[in-house]
Amino acid sequence: MATSLLTRVKARVDLHTSHRARGLIQGRGRSLFKGSGEDFDDLKYYQPGDKVSDIDWKATARSGEPLIRQFNEERVRHLSIVADTSSAMAATAADGTSKREAMILAAGMVCFLAQKNGDLVGMVAGSESRPIQLPSRSSDGHLELLLRTAQQATTTAAAPASSAWLLERAFRVTTRPTLMTIITDEAHPTVEDFTLLRRLKTRHDLIVIRIADADPLQGTALEHDVVDVDSPREIASMARTSRKVARDVAAYRQARRDGVEEMLDRLHISHMLTQGESTVVDDMIALLRSREYRHARS
Amino acid sequence: MVMIFWWVTALLLIAALAVWAITFWNRRAMRRSPVLVANSQYMDRIPSFVRAQRTARIVRVLQVGVAVLAVISASVLSGRIASERIETPEFSSRDIVLCLDVSGSMYEYDTEILATFAEMVDGFEGERVALSIFNSTSRTVFPLTNDYDLIQRELEAASEAIDFDEFGYRLGSQDYSDEKVRQYVEFVDGTRGIPDEASVVPDGLASCAQVFDQAEQDRSRSIIFATDNEVNGEPIFTLEEATERVATRKIDLYTFYPGPYECGPQCFEELQTATEDQDGALYESSDPQAIPSIINEIQKTQAEVLGATPTVVRTDHPMVGFVLTFLTLVGILLLGWRAR
């Protein structure tokens, strides 16, 4: 793997980003993360030493003097990634790609936007037996390390998913308010995590990115066996091709998804469910745009 | 029941085992690259899925069972299960005349000879049998025939009728039902044509020799002659003359002598000399139970005389194996189609 993960993510983002969405990425990603620490306060006269790129050209044109934007709080933002690096994330996503790669792409996109802004990114991941925690840093090397750590932790041999532990851990170790991106799969966070999420919400701005699981029956791909990463068992072709079983399984998954989504909506948490690596970039851009409108209205 | 190609069966079974073993050891390698999925534990709580899994397991067990049965039945079928029968084809051109002395002293032996022959009739194929009995005169109960139903019926009836202790009955020490007495009297009727004479053995034998017909045909002829040779009367022939007549007609003589009754050893010696002079065989036993083995002996001797090489005749019994193989194959197809 010669190229760094961050470079590859950039390439993917460029590839996926349509002309319409390009504005989000360009302009330093300003519009993407409008948070509490970003509030525009005042304009001040340009002093030598200030960044030329901070000059507000419209205001300069109006006043005739070079003016720069002034923010009342620190400019640097804290982002955090809560990555579900359980064995479940090493499985196949709904579009047939790897859930892990979709997760890396989502995390990479956060890192990519942070890198443009010089934002700090930390990470919480792992399991109870092997917790992973990376401090908030902004260097390219750190972002690359972060992505690589998440990628390498997510193996089929990793511990099974425990969203409760992960959310509790994220709450405890991330003391500073952050824009927190939780990356997990369609079954998480579970409806039992409601209290944890509500507590987390009091401190952080939450985005939940959920990656859909592949159909566990794979009724059209009988030449391949289906193995659950956590409970390997043989699923007979008869069960895989049965229309009734397929209907019941689909109904169960829909109900589970609906339950999780309803909970997240009640908590006013931005969330999305993506099919996998092929759709995650587009879905994230759409999510961030909708957040932008929401913030613009409020 | 034997398996003619038992080694084919063994080879097929070994091959089946080997195929199974190879696939068993390589089952990992044959695994198709699996699709890894997650969060599918809930499926165990979906009744239709559990049911489908259970059905699939039952079908699989059935498939394995039927496949094993198919392999076994096909192997057994290829092994050609057959029953073996030893046949001496030349026997079918035999003519046998049972020539029995029905004087009072002989009844136990006659009963046994008749009963033994009645059993042997089942195995006959082409042989002809006649029964001639004599005392003072001779009576042909039935002539040479291959109507085995009749032979068996007559022999069984005769062996039952002759089982009659006449002396004991006359002395009052034995009691028989009227029916039994009537049977006996009817059976021996015609053998006492000359009053006050009994067991005119040479004449009896000579008339037995007359029973053979088809003299021009090349058939093996034999007389099984049972007597104690205690003559009470005036025979027309001497015993020597009678056996000579038998010999000139190319009839083999098998004489059975049960032991002395009233006459001394000279009766036996006369019988022995007369028989053996004509290359006949003489068997002697005072035990009626020995008769089946003696008759067996006679059969064997005759086989040698005839130069009959006993050949093994095998009859295949493919029905069970075939039906089983067919049914199991149908079962495999049906189950395979069902489990598709």
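Biologist: How many residues does each chain give to the contact between chain A and chain B?

Modeller: In this predicted model, chain A gives 31 residues and chain B gives 22 residues. A residue counts here if its C-beta atom lies within 7 Å of one across the contact. On the side of chain A, helix 9 gives the largest share, 5 residues. Strand 8 (226–228) and helix 8 (237–241) of chain A also give two or more residues each.

Biologist: What is the make-up of the side of chain A that touches chain B?

Modeller: Its residues divide into 16 nonpolar, 7 polar and 8 charged.

Biologist: What makes strand 8 of chain A and strand 2 of chain B a pair?

Modeller: The cut-off is at least two bridges between the strands. These two have 3 bridges, in the parallel sense, so they count as paired. One bridge sets A:Asp228 against B:Val37.

Biologist: Within chain B, which strands does a hairpin join?

Modeller: Strand 5 and strand 6 of chain B, through 3 residues. They pair in the antiparallel sense over 5 bridges. B:Ser132 has B:Thr140 as its bridge partner.

Biologist: Why are strand 6 and strand 9 of chain B called edge strands?

Modeller: The open sheet of chain B has 6 strands in the order 6-5-4-7-8-9. Strand 6 and strand 9 each have a single partner strand, so one side of each lacks a neighbour in the sheet. The twist averages 15 degrees from one strand to the next.

Biologist: What makes the pairing in this sheet mixed?

Modeller: Strand 5 and strand 6 of chain B run antiparallel. Strand 7 and strand 8 of chain B run parallel, joined by 6 bridges. There, B:Arg221 stands opposite B:Ile251.

Biologist: Which helices pack on these strands?

Modeller: Helix 4 of chain B lies across strand 4, strand 5 and strand 7 of chain B. Helix 8 of chain B touches strand 4, strand 5, strand 6, strand 7 and strand 8 of chain B. Helix 4 runs at about 160 degrees to strand 4 of chain B, and helix 8 also makes about 160 degrees with strand 4.

Biologist: What is in the largest nonpolar core?

Modeller: It has 77 residues; A:Met103, A:Ala107 and A:Ala150 are among those with the most contacts inside it. Helix 4 of chain A gives the most, 12 residues. Another core, of 55 residues, lies apart and includes B:Val97 and B:Phe212.

Biologist: How do you know that A:Ala150 belongs in that core?

Modeller: Core members must be buried and joined through C-beta atoms within 7 Å. Beyond its sequence neighbours, A:Ala150 contacts residues including A:Ala83, A:Met103, A:Ile104 and A:Ala107. A:Ala150 is listed with the core residues that have the most contacts.

Conventions. Residues are numbered from 1 along each chain as its sequence is written. Chains are lettered from A and ligands numbered from 1 in the order in which they are written. This is a predicted model: local features need pLDDT of at least 70, side-chain atom pairs count only at pLDDT 80 or more; totals for chains, interfaces and linings use all residues. Two residues are in contact if their C-beta atoms, placed from the backbone, lie within 7 Å. Helices (H or I, at least four residues) and strands (E, at least two) are DSSP runs, numbered from the N terminus. Ala, Val, Leu, Ile, Met, Phe, Trp, Tyr, Cys and Pro count as nonpolar, Asp, Glu, Lys and Arg as charged, and the others, Gly among them, as polar. A residue is buried if 20 or more other C-beta atoms lie within 10 Å of its own, exposed if 12 or fewer, and partly exposed in between; C-beta atoms are placed from the backbone. Axes are lines fitted to C-alpha atoms, for helices over the stretch in contact, and angles run from 0 to 180 degrees between N-to-C directions. Lists of a residue's contacts leave out its neighbours within four places in sequence.
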